[in-house]
Each structure stands twice: as C-alpha cells, then as structure tokens.
Amino acid sequence: MFELTTTRHNPLVDPSLHAWGWEIPVYLFLGGLVAGMMIISGYFIFSGRLKNPDCACNFLPFYSIVFLSAGMFALFLDLENKINVWRLYTTFEITSPMSLGAWILILVYPALIANIFVRPPQPLLNKLPKIKLVTEKLNQRSFLIKWIGVLNMLWGLLLGVYTGILLSTMSARPLWNTSVLWLLFIVSGLSSAAAFVHLIARDKYERELLAKADNGFLTVEIFVIALMFIGLLTSSQTNIEAAKLLLTGPFAAPFWVLVVGIGILIPLPLQLLAVNHKVKHTPVPPLMVLLGGLILRFVIVYAGQFSNWMNVHF
Amino acid sequence: MARYGMVIDTKKCVGCTDCVIACETENNVPVGFSRSWVNQIAEGKFPDTKIEILSERCNHCSNAPCVHACPTGASYINELGIVLVDHDKCIGCKACVSACPYGARYIHPEGYADKCTFCNHRVENGEDPACVSVCPTHSIYFGDLDDPGSEVNKLLNSREHHSLLPEAGTEPKIFYLR
C-alpha cells in the first residue's frame, strides 16, 4: 500500500498542474500552421512559381500574418501580468525557449512582409503605390527573390521547431520531455499548412501537389507518433506513466479518436483517392487534418501538464 | 558567499502544519494557495508499515529549471543561493510553474509567480525563516551549506538523508533526515 495525505491546497497545481489553458494550444497550433505555410510559400517562391498570379505564395503571407497575430494575441491573453508584456523584448534569455520564441516571432514578420513585397496584390498597390518601387527593385534581382524564399523556409522551420521546443525542454513534464516533440509539431504544422492550402488553392496543380504532400506529411506523422511512444515506453517509469496517459489513460479517447482517427487515418485514404482521381477533391479531408492538428496541441498541452514526476512517487 | 539550505528531521516532525500556517501568515499568502505544505506518506502492508512526514516547499534548486525557463529574467538565484521572483519583471507566463517538478509555484492573484522565498526578508536580517522559528519540535534546520561548521552540514554529515526527486537533476537544497 502506498498512501499520500497532503495539506497542500493549491488549485493551480493540485491534483495536477493546470497552468496553461486553451490559449497555449491555440497559439502552438497557429504557430505551427504559419510555420508550415512559410515553408510552402518559401518553396514556391524559390522554385519560381510566384510568376503564376494564382500561386499560393502570393496570398499565403497575408493569412500567415493574420494567423500569427491571432496566435500571439492568444499568448497575450494567457499572460497573468499583461501590462509587463514589453519585458519580453527588453531581455534575451538564452536558456528560455519562451524568450527565444518571442524573438523568433519578431523575426518572422519581416520575412512575411518581404514575401508580400515580391508580388503585392492590386488593392494594396492602389492604397500604397510606393510599394511598387520596392517590388520593381526586388524583381530586378532574381537572387533576392530566391533569398526571400529561403528566408521564409528557414524562419518557418525555426518557428515550427520552436513550438515543440517550448514544451520539450521542460523536464518536469515527462510527456513533453521527448526529443521528437519538435519533429511531431513541425510535421503536424506542415500537414496543417498543406491542408489549408489544399482548401484555398486557386491553382489546380498546387491543390493536387499539396494534397499529395499532405499525404506524405500525414504518413511521416504516424511514424513520428510511433517513435514518440517507443521513446517514452523504453525510458524511465515517469516516461512510461506519461505515455500511458495517451495510450490508455484519460487522454486516450481524444488522442486516438480525434488526433489519430479523424486527423490522420480517415483523411489519408480519402486524399489518396482524390489525388488518384477516384473521388473528387472535397474540403472534408483537409478540414479533418486541421481539426486533428488543433486537437493534437490541446491533448499534448493538457496531458503534459497532467504528467509529472510525483505521479510515479506518490 | 553563503549557500543557504534546509534540513528537516523526519523523525521529529509530527506533521502539525504549524510551518504551513506560519508561512501563510508571515508572507500574506492569499487564501487558497500554499507556499509550503505537508505530505504524509504511508507505505507497506500491515504490520510492516512505515510513515514519513515531509514538510515541503520550493527546494531552491542550484540547477533551477524555473530560472532557466523564465523568459524575462524575473526568476533568479540571489547571492545567498535563494531562488526568488522579481514581481516587477514577471509577466505571469507560467513557464516556471510548468517547469518546476515539485509543483512549488503558483500564480498570485496579483499576476506574478509566487513561491517560498526562504523568508528572504528575515534571513537578510539574520533571522531564520518563519517555518523554522515556529516549528514546535525543532525539526527544521536552516543554514549555510557551504559552511562546514554549520548545524545543517553537521546533520547531513552524521545522519542518513535524502532530497526530493534527485533524479530530476535540479540539485535541491532541502534535505530530509531519515
């Protein structure tokens, strides 16, 4: 028998830690989505597809700015001392992923704006005609365009990796403290972004390409999830207990039904049939992928807060 | 420079929670929150049972994950080895709350991360923390871990002891005598 009696009555940490609410999963999902969109947009710019006026790279940066700002707003809502938020930008704490993330987010905006300047839409040019001067100079130098594509891909990768690192550096939460969480989040971000482009693409080739790419990302995601469990289950008792939260514990139902089932296993064959022209492209599979990506963040953030070293000892 | 730590004699502790009440009174801890608490762990099967009473609080770790996680430098280790939070710098992001394996931190209703300070305001004036002063069985000892002649060091050298979650690698500075 092992029995624990405690006088502790801290509603924020007992019976389990619940520090972060809906804001952080939403922020991580939108961060991952934007990361994936930047990589896709950057690749299209780099490969010269931007000459096509219907290229997704011409409108993805607008969505990226809106989604990233919404994500940052969710993060802001989570802060308990909002008036001090400016302090994030008067310090640089190399050991704190949240500090690194705050600065990465600042770096991402110029890359997105540069992407917009490459081929700004007509309504924007009508309002701000001086942008045309920048656009003309940029388009006279093809190497600059390539660099903007590379920059978007690099910053997108950095942003996506950061959303995983933010959680995985916390050794106090065994479920998060896995070396593949960053990989899971970047692959899931790419998959969500591909699904989003699949939904809104004007160009048929891009819609087909992104649906095919999404199938690849979803397949890789299955392997990364398997790797995560292998890593946890072959580690210490704390990690095994953490894995059980998702395998059979209180978070098993949303994880297997919503993340793995609706988010991966059902849309994957549907998209495979669509790209092989067996069925028509519909918005259903990409919407399922987006839902799965969002729920993945919710499950990981909430289950991670539930997992701790104390669960094993007491 | 001193490196303060705490030694708690579990053979003397009766789990009266005076330390918890003294802490809440001394530091105006808001109702519903705790900077310290008492865990009573019963183990074994009758008649071979044993019980250990642990008066717990922030472990003022030398390798403090809360300090590493803080994005604004609000969490820091002072010159006495005490882990503190600068309320004016704290943005209430809760990264430190998530990073602490001991669950020692909470968000104060005024918006900053709060926890045990080893009663830093008392220590600076040469006094012991409130929990140490009030303990009716004198089971809590406080002193400089770097001073070979301090009572805490003598106890650690002479008695079997353990710390909480040493496997977490945080190098806690609270020790429990068995």
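Here is a friendly chat about chains A and B of a predicted model.

User: Hi! Let's start with chain A. How many helices and strands are there in chain A?

Analyst: Hi! Chain A has 13 helices and one strand. Following the sequence, the strand comes at the start of the pattern and the helices come after it. Keep in mind that this is a predicted model.

User: And how compact is chain A for its length?

Analyst: Its radius of gyration is 21 Å, close to the 20 Å that the globule rule gives for 314 residues, so chain A is as compact as a globular protein of that length. Along the principal axes, its C-alpha atoms fill a box of roughly 75 × 55 × 25 Å.

User: What share of its residues counts as buried?

Analyst: In chain A, 52% of the 314 residues are buried. The accessible surface comes to about 13,800 Å², and carbon and sulfur atoms make up 71% of that.

User: Can we zoom in on two helices? How do H9(A) and H10(A) pack?

Analyst: Sure! Helix H9 (residues 237-247) and helix H10 (residues 252-265) of chain A pack with their axes 6 Å apart, at an angle of about 55°. Angles that are neither roughly parallel, roughly antiparallel nor roughly perpendicular count as oblique, and H9(A) and H10(A) are therefore oblique to each other.

User: Which residues meet there?

Analyst: From H9(A) come Leu245(A), Leu246(A) and Leu247(A), and they meet Ala252(A), Phe255(A) and Trp256(A) in H10(A).

User: Now chain B. What is the strand order in its open sheet?

Analyst: The four strands run in the order E8-E1-E10-E9, with mixed pairing. Strands E8 (140-144) and E9 (161-162) of chain B are at the edges with a single partner strand each, so one side of each has no neighbour in the sheet.

User: What packs on that sheet?

Analyst: Helix H6 (residues 151-158) of chain B does, touching strands E1 (4-9), E8, E9 and E10 of chain B. The direction of H6 makes about 110° with that of E8(B).

User: Back to E8(B), then. Is it mostly covered or mostly open?

Analyst: E8(B) is mostly covered, as five of its five residues are buried. E8(B) pairs with E1(B) in the antiparallel sense over five bridges, and Met6(B) stands opposite Phe142(B) in E8(B).

User: And at the other edge, how do E9(B) and E10(B) pair?

Analyst: E9(B) and strand E10 (residues 174-177) of chain B are antiparallel too, over two bridges. There, His162(B) has Tyr176(B) in E10(B) as its bridge partner.

Technical notes
Residues numbered from 1 in each chain as written. Chains lettered and ligands numbered in written order. Predicted model: local features only at pLDDT ≥ 70, side-chain atom pairs only at ≥ 80, totals over all residues. Heavy atoms only, no water. Pairing = 2+ DSSP bridges. Contact = heavy atoms within 4.5 Å. Axes fitted to C-alpha atoms, helices over the stretch in contact; angles between N-to-C directions. Rg over C-alpha atoms; globule rule 2.2 N^0.38 Å. Buried < 20%, exposed > 50% of the residue type's maximum accessible area, 1.4 Å probe, protein only. Areas by Shrake-Rupley, 256 points an atom, 1.4 Å probe, with all protein chains shown as cover. Parallel < 35°, antiparallel > 145°, perpendicular 65-115°, else oblique.
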